[in-house]
Amino acid sequence: MSEDSLTQTYDAAALHSLRRLFPLILTLAAAVFAVTLLLRLLDESSAVSLIPDTTPGELGQWVAGQSEEESPRSFLGQLARSQALAEGLAGLPEDRLISLARALLLLFAIAHVAAIVAAMLGLILYRNWRRPVLVVALLLTMGWQFLLPPGEQNENLALILPCGLALLLALILLQQTATKTLGFVLIISMLLLGVQTAKLFAASRNYRITTALPSWRYSALADLDTALNALADGELDAVLADRRDLRDILAPLPADPDVDPADTDWPALRYHTRLDGNESLLGILPVTPRFPGRLALATAAESDLASVQDLHSLRLGTVAGDFADERYLAQERHLVLLDLKIFNDINLPHLQQITEALLQPARRNGPLLLLRILIEAAGHTWSEAIFGFVFGASLGFVLGTVFAHFSALERGLLPYVVASQTVPTQAIPPLVAIWLGAGPLSLPAISSYLTFFPVTINTLRGLRSPHPNAFELMDSWAASRWQIMWKLRFRAALPYLFTALKVSATASVVGAIIGELPSSIRSGLGRAILDFSSDYSAISTPKLWGAILMAATVGMLSFLIVSFVEWLVLRNSGGRT
């Protein structure tokens, strides 16, 4: 063997060894983070403050309260009440349930560490089961995001996220053919880890990326009279002070016919009532701190000052120790390059906060968990969506069939079918409520409106998809129009039809929710979303996200059911899958 061949062989062997070594190193790093998390749960001092704030801990505290009720409505409450009565207690002790929550979390942590260790063994021994075990370890790591709170200083996230990222990279570096299931797990894991990492980064930057700007240059005078005298004498170009103080002693600019400048103490001065307080770079990047609304600017009567940005070139004065001095002019100024407020806990709660909200009552000490309330609301919305889906899909199929057989009707009516979809969706529910009332038919009608169009178009396309030779062959067998329709056209249209049905299945759920928003119906997901969005706070936002996730779950279930029916039909009919 030549020297070049030997070199290539050694290089290939070294590269192969590195490909095996990197996933092992990453898995070892993940094991370190997992063991650290396990030790934190084993530590009594840490567990006392951590466990009550976890999702199982919060649920345990609620169950303890329910066990003291005479006749709790929830299943968990009834179970806890029965156990308390069996033990002759007025209610289950809260400490006992918190200890149970800790035991469950410890079992989860042990399973997590065991899965990572098993994955390491699989990588060392190069077994075929190394990837499935890595997937299990990654899923368990993702589970921590739903169970543990981020912590006061995000210390829990600082362990969970590196562990998940290490396992995710290890899976990617294995370089094996990805199945659909593995691809789904990887994408969901990337999304969840990416969002949580972005939240962690945004919190460390105080939810904005900024660059420093020069501070204000101004003179701080003893009192407002001294500042205004300096302005009147030409020693200053402008004075910044409290709007209420200036309003009492100066005339406004623009002029107010009810105020005579001659009656004021400084007839030659004015305070601006329409000053543009927005300070930004190129009108895009804002400057902080923002100009407070309680402040106003005093200048000479002939001043044409229009914006706060013009103050940098002027001799500015204010009153020492006042709000304008300490809370605005003396503050460090920054140019906001990127606003990250979308990642704060109000706009985008942590996954654990959403899970905790689902496993807590909708209102404080309420009888039912939010999860149960949303499941019942989802059932109501889903029933409306199914009714609308069936009617809309049937209407779309009939229209598509008619258009496929009668070209004149297609040319005359299809433009109106297309035009119907240009109407804003928000405008449909009020019209339907006027025509049909707020009864059981109004919401399915909106779902049908969103459903029939894709079915109509895809049915028309599918029924015309067979090759002309196929029609000629059917004609040579003297097939009737009915036989051509069901034995040729319909079979060819099935893939197109099911594609439209999958789109329409999710659209029908959207239509039902949209229809619930302006109606008086209070038993659907639309009303739940509207109720939780009315109070946009750290308490209501996780509930809002829980309702949104429940709506997404209903849509995904609808899609999966249609996909399963498609698999059954096309497999039995010999169509493509």
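This is a short talk on the salt bridges, one strand and two surface patches of a single chain.

Okay, hi everyone. One thing before I start: what you have in front of you is a predicted model.

Let's begin with the salt bridges. The count comes to 12, and I'll go through a few of them. Take Lys 199 and Asp 345, whose side chains meet in a salt bridge with N to O at 3.0 Å. Those two are 146 residues apart in the chain: Lys 199 sits in helix 8, residues 180–204, while Asp 345 is in the loop between strand 10 (333–339) and helix 12 (351–358). So is the Lys 199 end buried or exposed? Lys 199 has 2% relative accessibility, so we call it buried. Asp 345, on the other hand, comes in at 31% and is therefore partly exposed.

Next one: Glu 279 with Arg 333. Here the closest N and O atoms are 2.4 Å apart. Glu 279 is in the loop between strand 5 and strand 6 (280–281), and Arg 333 belongs to strand 10, so this salt bridge ties together parts 54 residues apart in sequence. How accessible are the two ends? Glu 279 has a relative accessible area of 10%, so that end is buried. Arg 333 is buried as well, because its relative accessibility is 6%.

Then there's Glu 410 and Arg 464, with 2.6 Å between the closest N and O atoms. Again this pair links distant parts of the chain, 54 residues apart: Glu 410 is in helix 14 (residues 407–420), and Arg 464 is in the loop between helix 16 (442–463) and helix 17 (468–476). Glu 410 counts as buried because its relative accessibility is 16%, and the cut-off for buried is under 20%. Arg 464 is partly exposed at 36%. And while we're on salt bridges, Asp 242, Arg 244 and Arg 294 are joined into one network by salt bridges that share partners.

Right, on to strand 5, residues 269–272. What covers it, one face or both? Both faces are covered: Leu 269 and Tyr 271 on one side, Arg 270 and His 272 on the other, and all of them are buried. As for its neighbours, strand 4 (residues 251–253) pairs with strand 5 in the parallel sense, over three bridges. If you want a spot to zoom in on, Pro 252 stands opposite Tyr 271. Strand 8, residues 295–300, runs antiparallel to strand 5 and is joined to it by three bridges. There, Leu 269 has Ala 300 as its bridge partner.

Now the surface. Which residues make the nonpolar patch? They are Leu 21, Phe 22, Ile 25, Leu 169, Ile 172, Leu 173 and Met 190, and the patch is about 600 Å². Helix 1 (3–42) and helix 7 (157–173) each supply at least two of the patch residues. Leu 21 is found in helix 1, and with 37% relative accessibility Leu 21 counts as partly exposed.

Last item, the charged one. Glu 68, Glu 69, Glu 94 and Asp 95 gather on the surface in a patch of negative charge. Where is Glu 69? Have a look at the loop between helix 3 (55–66) and helix 4 (75–86), and you'll find it there. Glu 69 is partly exposed, because its relative accessibility is 42%.

That's what I've got, thanks.

Conventions: Residues numbered from 1 in each chain as written. Predicted model: local features only at pLDDT ≥ 70, side-chain atom pairs only at ≥ 80, totals over all residues. Heavy atoms only, no water. Patch = residues over 30% accessible without salt bridge, like charges linked within 9 Å, V, L, I, M, F, W, Y side chains within 5 Å. Areas by Shrake-Rupley, 256 points an atom, 1.4 Å probe, with all protein chains shown as cover. Salt bridge = Lys/Arg side-chain N within 4 Å of Asp/Glu carboxyl O. Lys, Arg positive; Asp, Glu negative; His and termini not counted. Charge placed at Lys NZ, Arg CZ, Asp CG, Glu CD. Helix = DSSP H or I, 4+ residues; strand = E, 2+ residues; numbered from the N terminus. Buried < 20%, exposed > 50% of the residue type's maximum accessible area, 1.4 Å probe, protein only. Pairing = 2+ DSSP bridges.
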